[in-house]
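Let's take a friendly walk through a structure together. Keep the 3D view open beside the text and look up each residue as it is named.

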Amino acid sequence: MSVTRMFGASVKRREDPRLVTGQGQFTDDFKLPRMLQMTVLRSPHAHAKINSIDTSKAKALKGVRGVFTAKDIEGMVPPMPCAWLIPDSDLKVPVYTPLATDKVRFMGDAVAIVVADDSYIADDALDLIEVDYTPLPAITNQEEALKPGAPQLYDDIPGNQAFHWKFRNGDPDGAMASAEVRVKQRFVQQRLVPNAMEPRVALADWNDGAGELTFYNTTQNPHIVRFLISATQGIPENKIRVMARDVGGGFGSKIPFYAGDALTVFASRKLKRPVRWTEDRRENYVATIHGRDQIIDVELGATRDGKMTSLKVTNIANMGAHLSTAGPGVPTWLFALIVPGCYTIQNYACDVYGALTNTTATDAYRGAGRPEAAFLIERMADLLALDLHMDPMELRRRNFIQADQFPYTSAGTLQYDSGDYDKTLDLALRMVDYPGFRQQQADARAHGKHLGLGLSTYVEVCGLAPSKAAGAMGFQGGLWEPATVRVLATGKVIVLTGTSPHGQGEETTFAQLVGEELGVPVEDIDVVHGDTNAIPMGWGTYGSRTTAVGGTAIIKATAKVVEKAKRLAAHLLEANVEDITHDHGRYYVAGSPTKVKTIQDIALMANLAWDLPEGMAPGLEENHFHDPTNFTFPFGAHICVVEVDEETGEIKILRYIAVDDVGRVINPMIVDGQVHGGVAQGIGQALYEHAIYDENGALITGSMLDYAVPNATQIPHIETARTETPCPHNVTGVKGVGETGTIASSQAVVNAVCDALAPLGIRHIDMPLTPERVWKAIQAARQGGTTGNPA
Amino acid sequence: MTQSIRVTVNGEERVSEVEPRTLLVTYLREQLDLTGTHIGCDTGQCGACTVTLNGQPVKSCMVLAVQADGASVNTVESLAANGKYHPIQQAFWDKHGLQCGFCTPGMMMAAVGLLKRNPNPSDAEIREQLEGNLCRCTGYQNIVAAVQSAAEAMRAGSSGGEE
């Protein structure tokens, strides 16, 4: 199988013409005849008892078609499902109803819905609903929530603890006891708001006569939505069509199935009209999942010459007021297994406590668990180097898994497929001129200026699959992907994928893969996604899996098409199939390239079926169902160079270098774009973003006015470079790049700032490194002593 | 209670009945079915709804439809003309200046305004002047490259649609 030419070319995106002309089809762009608009009344309290709800005035408003509370949906819309039921824990899944019954448990909890002729009327009606609440004490901090005496969210989950999950490898206690040096640190992974630019939208169109539901949704995984609607609302799966044409970013926040989604389905069935719910941004801040929010205590044991020997981690994760679709998997499996990073450390313990609090639920946000893991180990590497007075680069090299040790079974019991960690580090160090920088830093220090360089040598676990692993981890779904490659009579090609790209550009990269194999120009290939009636099945786009898993399925389906084309070419050329060769879509007898059947000739004959070989079925279409044998393990070295202003605490990023190895690269332009965006989100966490609740449980960063989504002036130019270590267990050699930038970057920035401020005695500052926090850390250091976790 | 307005939208005169509280963006999307202009926030922060009002970029979620009475409004749908992309559209495509594409219409309309004011901007000037348009996908790098590329094409005399 040749993978050359189109594979590796920066082909311009096939998605873009519709998007740059304003003709994208985002969910809110769909308008159906007789369509109604739904809005949701949300709790202003973080924790309160509902005494009564009076909807009479709202119902009386002209243009209002229905007002519903928990009582009205009872027995018709069951509690929202949690789809990641982690084994090896005492997991308790709280009952989370789409509309609150006796209590509200977070600011933004849904209390009632209004369905009206348009959104203005619906909003007016919301103001007319009277709810009598008795506010209760709220708890938002996960560590406090687990303490005795904390306000209780659920009667049947005492102590607010949803789970305690453990992982052990080797002899962490013994190795820690005998370690020559030990480093301890607490890291606070602050809560983040994903902020996909398109808020969430659901449009449910129930056809009562046919008993069919068409559901347009801003989702990363339409088939999972179909499955969950079927499972929770009793509509047969074959009577549900879920559509997600253009989706305006997701970053994990469009994986879950939300209460608002379920309520539009209910309302459409009840009123027998299409019902659309368009979340506004303020609603998005409270009703769409948040990310991170983990308090992590770490102890690292090592030898005096810097060899890491034992690692112990306790993570208290804030799950929010209920368990979101994939919530429990994030701080456990997705975090814990990759914590040991690129290092040979083998003794490892991890305990994760999932706490329920009066906050918005947390779930997967770009990287999901792996940014927290990479941050932890890369910060610990720097702290260990600091304590040992060792160059952090040298410390990393002493602990790296070596290139000849792959496949390598890590302390997290993952089998890392391939890697060469020195190679990416070498390239990054050359790009930054490491010795030159250290000299420059020393000179700057002599003049009272604070320059710092932060390293992040990361490895991530991506290409989420195989299904067997999903089952072992308690994920209530599979992780395989199907593909269909259909060559039409005119030689044009339709490719069906169960993945659901929403900005990642696979309409282009998948066309490149197919074009390469079939010898058909990419312009002739359309990649169809986001329609459960067109596509056999699919588990969606997340976990950097789309190209590694979905792309491999496509390559394999295409290979089957080529095989059939060869057999038909042999028949048409009156030759033996063994003698047929092909290139660039031309099929001929080896040695006689003048008598040729093109793939277009063959497609026409296959579809006409006038003259097929004995036993050959008509058409030129093949399916493949691909389930990988392992995850993929992209890796790399990021370097951030900063200058810190001692007087103001301001940080200026002078350089940002990203050297990534994501396996083989199909479209370098798109891969660079994924890295840029990923790094921007990592820098956002490092420097700017923080979702903050006040003592009453009100989200005080509840809009883009108060929450710092980075703008163009806040993100530096990013220098990208790559090495290519192919994935050995898929035919494309691709590993995945969607999350790389985010997983790699926050710690590079924080390491750089802490390197700059090390002479002042500053060891660590928690994210986000706002000027205020940095300034306070500097003041504290000036007043004597080292700093750990300033407020 | 509605009010009658007369607005030239993408070169075409439209007479419509709107409620006084109707936002310009709602009018464009829901009444005129011009869905290329997107709503990303409610607070004028994200810029996804940027259109031009009498040639000046405005956030159409911060303008009432009645305020556009008698004015000329151009949206992303006006950029391409005579089957040809505006240089800004071509540049966003060429330079991979978009990923999910949701912020793109507003980003391009803001960029068109920027290039009108400053046909030869530095990278830093582009970043500063696009500060009011948020993108969560691209990290802005290729947006800056796209605006530079469009600036170059426009200085060389390539013209586009209405704006």
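Two residues are in contact here if their C-beta atoms, placed from the backbone, lie within 7 Å. With that in hand, look at chain B: among its contacts between residues at least 6 apart in sequence, 64% join residues at least 24 apart. Please keep in mind that this is a predicted model.

**The two chains at a glance**

The table puts some values for the chains side by side.

| Chain | Helices and strands | Box along the principal axes | Buried residues |
|---|---|---|---|
| Chain A | 21 helices and 28 strands | roughly 90 × 75 × 45 Å | 58% of the 791 residues |
| Chain B | 5 helices and 5 strands | about 50 × 30 × 25 Å | 61% of the 163 residues |

How compact is chain A? Chain A has 21 helices and 28 strands, and its radius of gyration is 28 Å, close to the 28 Å that the globule rule gives for 791 residues, so chain A is as compact as a globular protein of that length. In chain A, residues 24 or more positions apart account for 80% of the contacts with a separation of 6 or more.

Chain B can be read from its N terminus as β-β-α-β-β-β-α-α-α-α. The radius of gyration of chain B is 15 Å, close to the 15 Å expected from the globule rule for 163 residues, so chain B is as compact as a globular protein of that length.

**Where two helices cross in chain A**

Now find helix H17 (residues 546-572) and helix H18 (residues 599-608) of chain A. They pack at an angle of about 85°, with their axes 10 Å apart. H17(A) and H18(A) are therefore roughly perpendicular to each other. On the side of H17(A), the contact is made by A:Ala565, A:Leu568, A:Ala569 and A:Leu572, while H18(A) brings A:Ile599, A:Ile602, A:Met605 and A:Ala606. What kinds of residue make up the contact of H17(A) with H18(A)? They divide into 8 nonpolar, no polar and no charged.

Close by in your tour list is A:Leu620, found in the loop between H18 and strand E25 (621-626) of chain A. Is A:Leu620 buried or exposed? A residue counts as buried if 20 or more other C-beta atoms lie within 10 Å of its own. A:Leu620 has 24 other C-beta atoms within 10 Å, so A:Leu620 is buried. Leaving aside neighbours within four places in sequence, the contacts of A:Leu620 include A:Ala565, A:Ile602 and A:Ala606. These three residues also belong to the contact between H17(A) and H18(A). A:Leu620 and A:Val493 are 127 residues apart in sequence, but 9.8 Å apart in space, C-alpha to C-alpha.

**A second loop residue**

A:Thr725 sits in the loop between strand E28 (719-722) and helix H20 (740-757) of chain A. A:Thr725 is buried, because 24 other C-beta atoms lie within 10 Å. Beyond its neighbours within four places in sequence, A:Thr725 is in contact with A:Ser418, A:Gly419, A:Asp420, A:Asp661 and A:Gly663. For one of these partners, A:Ser418, the separation from A:Thr725 is 307 residues in sequence and 6.9 Å in space, C-alpha to C-alpha.

**Where the chains meet**

The contact between the chains takes 43 residues from chain A and 42 residues from chain B. On the side of chain A, helix H1 (16-20), helix H9 (281-287) and helix H19 (668-688) each supply at least two residues. Which helix gives the largest share of the side of chain A that touches chain B? H19(A) does, with 7 residues. The residues on this side of chain A divide into 17 nonpolar, 16 polar and 10 charged.

**A helix and a core residue in chain B**

Helix H1 (residues 24-31) of chain B is mostly covered, with 6 of its 8 residues buried. The buried residues of H1(B) are B:Leu24, B:Val25, B:Thr26, B:Tyr27, B:Leu28 and B:Arg29, and they pack against strand E2 (12-18) of chain B. Just after H1(B), B:Asp33 takes a positive phi of about 55°.

Finally, look for the largest nonpolar core, which has 306 residues. A:Val114, A:Val753 and B:Ala111 touch the most other members of this core. Setting aside neighbours within four places in sequence, B:Ala111 is in contact with B:Ile88, B:Leu130, B:Val147 and B:Ala150.

Terms used:
Residues are numbered from 1 along each chain as its sequence is written. Chains are lettered from A and ligands numbered from 1 in the order in which they are written. This is a predicted model: local features need pLDDT of at least 70, side-chain atom pairs count only at pLDDT 80 or more; totals for chains, interfaces and linings use all residues. Axes are lines fitted to C-alpha atoms, for helices over the stretch in contact, and angles run from 0 to 180 degrees between N-to-C directions. Helices (H or I, at least four residues) and strands (E, at least two) are DSSP runs, numbered from the N terminus. Angles under 35 degrees count as roughly parallel, over 145 as roughly antiparallel, 65 to 115 as roughly perpendicular and the rest as oblique. Ala, Val, Leu, Ile, Met, Phe, Trp, Tyr, Cys and Pro count as nonpolar, Asp, Glu, Lys and Arg as charged, and the others, Gly among them, as polar. A residue is buried if 20 or more other C-beta atoms lie within 10 Å of its own, exposed if 12 or fewer, and partly exposed in between; C-beta atoms are placed from the backbone. The radius of gyration is taken over C-alpha atoms; the globule rule is 2.2 Å times the number of residues to the power 0.38. A nonpolar core is a set of buried Ala, Val, Leu, Ile, Met, Phe, Trp, Tyr and Cys residues joined through C-beta atoms within 7 Å.
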